[in-house]
Amino acid sequence: MTFDALVLGAGIVGVSVAVHLQRRGMSVALVERKAPGQETSFGNAGLIQREGVYPYAFPRDLATLLRYARNDSTDVRYHVRAMPAIAPFLARYWRHSEPSRHARIARDYSTLIAHCVTEHRALIEASGAGALLREGGWVKVFRTAGALEAARRDAERWQREYGVPFEVLDAERLRADEPSLSHALVGGLRYTASASVSDPGALVAAYARYFESLGGRVLTADATTLRPHWSVQTAQGRVQAPRAVIALGPWADTVTRALGYRLPLAVKRGYHMHYRARPGATLNQPVLDAEPGYLITPMTRGIRLTTGVELGLRDTPPTPVQLAAVEPMARETFPLGERVDDTPWLGGRPCTPDMMPVIGPAPRHRDLWFAFGHAHHGLTLGPVTGRLVAEMMTGEAPIVDPRPFSPQRF
């Protein structure tokens with residue numbers, strides 16, 4: 001039960017790290033309390049967001065802040081009792097979202113985003129998961145001309161600065177592409193270089209099977225049993241390795257804190273529910289209804305409706321008020337039928353105040369590596385993060401400059 005590396009966490013990031021290390025000749029144990037892809041990576045919108053060069057910033061205009069303060073918005077809600085605990089994080093998040101700082105962050109962040117689709121395609125081909133991939137992008141739709149025009153200006157800036165292509169869909173073109181959508185929509189934007197998948201959990205599971213086909217081991221374990229230098233208690237016994245990678249997403253701090261790190265991590269919670277489409281209705285691609293702030297997308301299980309952001313503590317019981325608020329809007333936008341799931345799914349997006357992931361060697365422990373904090377872009381950035389971590393661990397030239405993502409910045 002001795003390996004060259006332990007990878008803690010079998011979401012999209014951890015599985016991708018494990019694959020890339022195993023490809024480079026290491027013997028790797030991937031440890032997780034559940035089957036791969038059954039936690040945070042299971043419930044997202046399935047987007048691989050090549051357009052996501054600017055990570056989601058904290059709003060700074062007064063009108064939006066006042067709207068959110070009322071705590072009745074469909075796209076952002078918060079738990080009042082959680083505010084004292086997460087206020088320091090939000091203050092730092094607000095500071096980093098200042099436009100000039102946000103632009104500097106985007107310059108570093110975009111280096112990862114630039115490789116998101118190509119790195120996914122490489123793992124999808126190797127793992128035989130091509131049936132899950134949808135090429136051709138996704139669509140953001142709008143209810144008012146003013147909102148569409150503002151989004152078009154942003155898209156033009158992303159194209160100018162980072163070469164991200166897009167196309168404008170007027171109402172007629174949108175109806176031709178998605179005839180089942182409401183005719184009240186005034187148009188949309190399609191981000192043509194992006195992609196999506198029809199089952200994120202199944203994609204992670206396919207990557208994990210590929211990892212096992214390379215000789216890797218998937219073991220059931222409690223990551224909090226990690227001990228220097230390095231071992232973890234699994235259902236098969238205690239296993240050890242000279243190297244360890246923490247890729248635990250929203251649970252990363254349960255291990256890093258025990259090792260003496262105080263990283264500024266928080267969680268943006270989100271919900272989803274699946275529905276049947278009404279007879280004759282079709283949805284061909286992910287569609288973000290931008291102004292209310294929800295997304296519908298065709299998945300293996302049905303039409304998945306995902307919500308915006310709920311600010312609260314990670315382990316607080318579910319409060320799916322956002323789902324209840326946007327479901328009637330989604331039904332007006334697309335002919336949703338009955339619910340498929342018994343209860344809403346709840347997950348947490350692991351976030352840092354500067355909106356960038358934590359990728360690199362731990363500052364105070366030899367041969368310990370961090371790979372978490374990807375916020376809204378965990379699925380998007382999983383494979384490129386896995387490659388970057390493996391390259392750093394094996395001394396290869398990294399695919400991008402890793403210094404902006406170093407844990408040392410905190």
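User: Which residues does the UniProt annotation "domain: FAD dependent oxidoreductase" cover?
Analyst: The name comes from an unreviewed UniProt entry, and such annotations, with shortened feature names and positions in the numbering used here, may be inferred rather than shown by experiment. This is a predicted model in which local features need pLDDT of at least 70 and side-chain atom pairs count only at pLDDT 80 or more, while totals for chains, interfaces and linings use all residues. Residues are numbered from 1 along each chain as its sequence is written, and side-chain values use heavy atoms, leaving out hydrogens and water. The annotation covers residues 4-392.

User: Is Y54 buried or exposed?
Analyst: Y54 sits in the loop between strand 3 (47-48) and helix 2 (62-69), where helices (H or I, at least four residues) and strands (E, at least two) are DSSP runs numbered from the N terminus. Buried means under 20% relative accessible area, exposed over 50% and partly exposed in between, with a 1.4 Å probe and protein chains only. Because its relative accessible area is 12%, Y54 is buried.

User: Where does helix 10 bend?
Analyst: Helix 10 runs over residues 321-333, and Q322, L323, V326, E327, A330 and T333 are buried in it. The bend at a residue is the angle between axes fitted to the seven residues ending there and the seven starting there. In helix 10 this angle is about 30°, with a proline, P328, following within four residues, and the bend is at E327.

Note on methods. Expected span 1.5 Å × (residues − 1).
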